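Here is a short report on selected parts of a protein chain. The sequence and structure come first.

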Amino acid sequence: MNLPTIPALERALQAGSYKDAEAGARTRLEVKPDDVSALVILAVALGAQGRLAEALPYYRQLTDAQPGEAAHWSNLATALREAGKLDEAAVAYQQAQVLSPHDASVLANLGLLRWQQGDVIETRSIMLEASQRAPDSAEPRIYGALACHACAEDDEARRLLSGSARWPPMDESLEVDLATALIQIEQTDAAERRLRQLLDRKPDSARARVQLAALYERLSRIVEAENMLAAVAPEAWDDEGLAVRAALLLRAGRVLEARTAYEALLERVGATAANAPFHFALAKACDRLGDAASTMRALENGHAAQLHTASRLAPDLVDPASEPLPITRQRVTQADRARWQAIAAPDVQASPIFVVGFPRSGTTLLEQMLDAHPALRSMDEQGFFQDVIEGMQRMGWTYPHDLGKLDSATCAALRAIYWAKVATVVALEDGVRLVDKNPLNILRLPMLQRIFPNASVILALRHPMDVVLSCYMQSFRAPAFQMLCSSLDRLARGYANALRFWMDQSEVLRPHAMELRYEDLVEDPARYARALGDFLGLEDVSALLQFDTHARAKGFISTPSYAQVVEPLHKRAVGRWQRYRPWLEPVRLELAPFCERFGYSLD
């Protein structure tokens with residue numbers, strides 16, 4: 001009897017002739033039941049046909065036959081993972097690691113398992129190590145970047161994906177997940193290009209079309225998103241497809257349908273940290289339907305899901321009495337300010353325009369209005385002033401106590417750190433002023449005022465009850481802010497600490513500042529656009545009132561308000577807190593002084 005040779009069967013596998021490979025392997029095993037190579041080919045051929053239940057006994061047989069062979073344990077683990085037997089897969093991967101501790105592919109596969117289990121912290125750690133061992137391997141870099149983003153470490157995600165534009169075409173799953181990671185780090189053109197190239201190679205890729213639909217929704221290219229999703233049969237939608245459909249329903253004003261879609265999606269995916277945004281989206285739909293009780297239930301579920309990861313990333317903030325915004329303690333006293341030596345500094349026109357305020361106070365709206373003016377340019381929300389503070393500390397100075405000791409040269413060096421960071425995200429033409437919108441720069445006012453003492457600062461204000469409610473309704477990514485927003489009580493204390501800091505430090509530092517209330521702006525846009533123009537020295541402010549058209553043309557907007565700022569001004573969010581009085585009543589006393597200070601009623 002002429003048995004099929006192992007090389008011939010391997011060629012059949014490589015050619016995708018899985019049934020032929022299966023038949024040949026079975027023929028060999030009838031004669032040679034202990035033929036390890038034939039067992040491997042049979043198991044792989046069955047798995048490639050989606051017959052994992054049949055493949056698993058053969059993978060197990062291989063580990064029994066050669067228990068010291070790491071590849072067998074790794075293959076068994078991968079089959080178990082694909083079959084959804086995640087705990088058993090973990091044990092098999094760990095055995096493969098013991099046998100081959102330096103094998104990057106085994107480590108990467110374990111990372112994939114942790115990703116599938118929803119453990120982004122373990123995934124990040126494993127994939128970072130795997131990428132160091134095998135720097136030319138795309139898989140650990142892609143999933144490492146996804147995990148880093150989930151841990152709010154976007155700089156590390158960008159590092160992992162640097163040079164990805166030169167990566168050769170990959171299989172469908174890796175291409176789609178690479179595109180997802182690129183979207184998360186705001187490289188949307190590169191993501192679209194990879195997905196389009198994948199569709200050129202594989203026109204029937206449902207995952208590529210769904211991810212393109214998600215990208216277009218994120219870029220507010222709504223018609224394209226709807227058309228792309230419509231090209232995929234609903235039964236072929238994965239979880240991402242269902243999420244995109246729900247988001248599009250909500251943006252189309254079909255709110256009841258969106259609520260039903262999000263409820264069905266959550267029923268399907270379960271309550272994990274990765275799915276927390278779906279709870280917040282459901283809450284948004286319930287809020288728009290006027291169902292306050294269901295809104296609060298959805299938000300409680302969302303915060304609980306977030307805390308699974310946030311509490312591990314920021315364990316020192318688990319205690320509700322801890323302070324997620326410790327920078328509020330970094331203050332300058334009147335005596336400190338009196339000792340500041342005079343420095344050479346840029347004038348108002350050569351300084352950025354800073355838009356600050358507690359998050360959800362209307363800072364993104366102000367940023368987009370200003371960005372619509374041809375003489376101004378924003379850069380989306382960036383944490384560059386924290387880099388400046390860290391630069392000062394690297395020089396050996398203590399922030400903020402040594403600010404007064406900084407001379408002109410040192411302040412110029414710190415400004416250089418800032419402008420170098422700015423240059424990585426935006427190119428400013430001559431005569432164009434930068435708009436730096438970062439709400440929590442409100443807490444970095446001492447540094448801001450030291451190196452840009454002539455800068456214009458706009459403090460965005462909104463009814464404190466609405467601010468706290470809106471933050472509670474938002475799915476933030478930063479672990480510290482997730483912890484801050486985990487309860488209304490903690491949020492109210494955070495708001496109070498931040499605004500006390502502003503009131504105290506603005507009294508000490510006397511910035512060139514303007515306070516602007518969100519409610520006034522939406523009530524009389526023309527009047528307050530003119531007030532902004534007067535404050536900033538802008539003659540024609542008509543462009544500010546066309547911000548929604550400008551924002552839609554920009555495409556990607558990084559902040560959570562991306563869907564709102566492409567709409568014309570409206571008053572839907574004014575006074576929303578009134579519907580939530582029973583839940584907000586316990587924080588009333590905490591917020592009352594700020595309502596009085598900024599002219600808001602609690603009636």
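## Strands and sheet

Strand 1 (residues 353-356) and strand 3 (residues 433-437) run parallel, joined by three bridges. One residue pair can be picked out here: Ile353 has Val435 in strand 3 as its bridge partner. Keep in mind that this is a predicted model.

There is also an open sheet of five strands. Its order is 2-3-1-4-5, and the pairing is parallel. Which strands stand at the edges? They are strand 2 (376-378) and strand 5 (512-517). Each has a single partner strand, so one side of each lacks a neighbour in the sheet. On average, neighbouring strands of this sheet are turned by 25° against each other, with direction ignored.

## Helix 12 against helix 13

Helix 12 covers residues 188-201, and helix 13 covers residues 206-218. Their axes come within 10 Å and cross at roughly 155°. Angles over 145 degrees count as roughly antiparallel. Helix 12 and helix 13 are therefore roughly antiparallel to each other. Their crossing is left-handed.

Which residues meet in this contact? Helix 12 brings Thr188, Glu192, Leu195, Arg196, Leu198 and Leu199. Helix 13 brings Ala208, Arg209, Gln211, Leu212, Leu215 and Tyr216. By type, the contact of helix 12 with helix 13 divides into seven nonpolar, two polar and three charged residues. A general point helps in reading such lists: an α-helix has 3.6 residues a turn, so residues three or four places apart point the same way.

## A loop residue

Ala165 sits in the loop between helix 10 (154-161) and helix 11 (172-184). Is Ala165 buried or exposed? Its relative accessible area is 66%, so Ala165 is exposed. The C-alpha atoms of Ala165 and Arg194 are separated by 8.5 Å. Along the chain, Ala165 and Arg194 are 29 residues apart.

## Helix 24

Helix 24 (residues 464-472) is mostly covered. How many of its residues are buried? The count is nine of nine. The buried residues of helix 24 are Pro464, Met465, Asp466, Val467, Val468, Leu469, Ser470, Cys471 and Tyr472.

These buried residues of helix 24 pack against several other helices. The partners are helix 17 (276-288), helix 18 (292-313), helix 26 (488-509), helix 30 (581-584) and helix 31 (588-598).

Note on methods
Residues are numbered from 1 along each chain as its sequence is written. This is a predicted model: local features need pLDDT of at least 70, side-chain atom pairs count only at pLDDT 80 or more; totals for chains, interfaces and linings use all residues. Side-chain values use heavy atoms; hydrogens and water are left out. Axes are lines fitted to C-alpha atoms, for helices over the stretch in contact, and angles run from 0 to 180 degrees between N-to-C directions. Helices (H or I, at least four residues) and strands (E, at least two) are DSSP runs, numbered from the N terminus. Angles under 35 degrees count as roughly parallel, over 145 as roughly antiparallel, 65 to 115 as roughly perpendicular and the rest as oblique. A crossing is left-handed if the near helix is turned anticlockwise from the far one by less than a right angle, and right-handed if clockwise. Contact means heavy atoms within 4.5 Å. Ala, Val, Leu, Ile, Met, Phe, Trp, Tyr, Cys and Pro count as nonpolar, Asp, Glu, Lys and Arg as charged, and the others, Gly among them, as polar. Buried means under 20% relative accessible area, exposed over 50%, partly exposed in between (1.4 Å probe, protein chains only). Two strands pair if DSSP finds at least two bridges between them.
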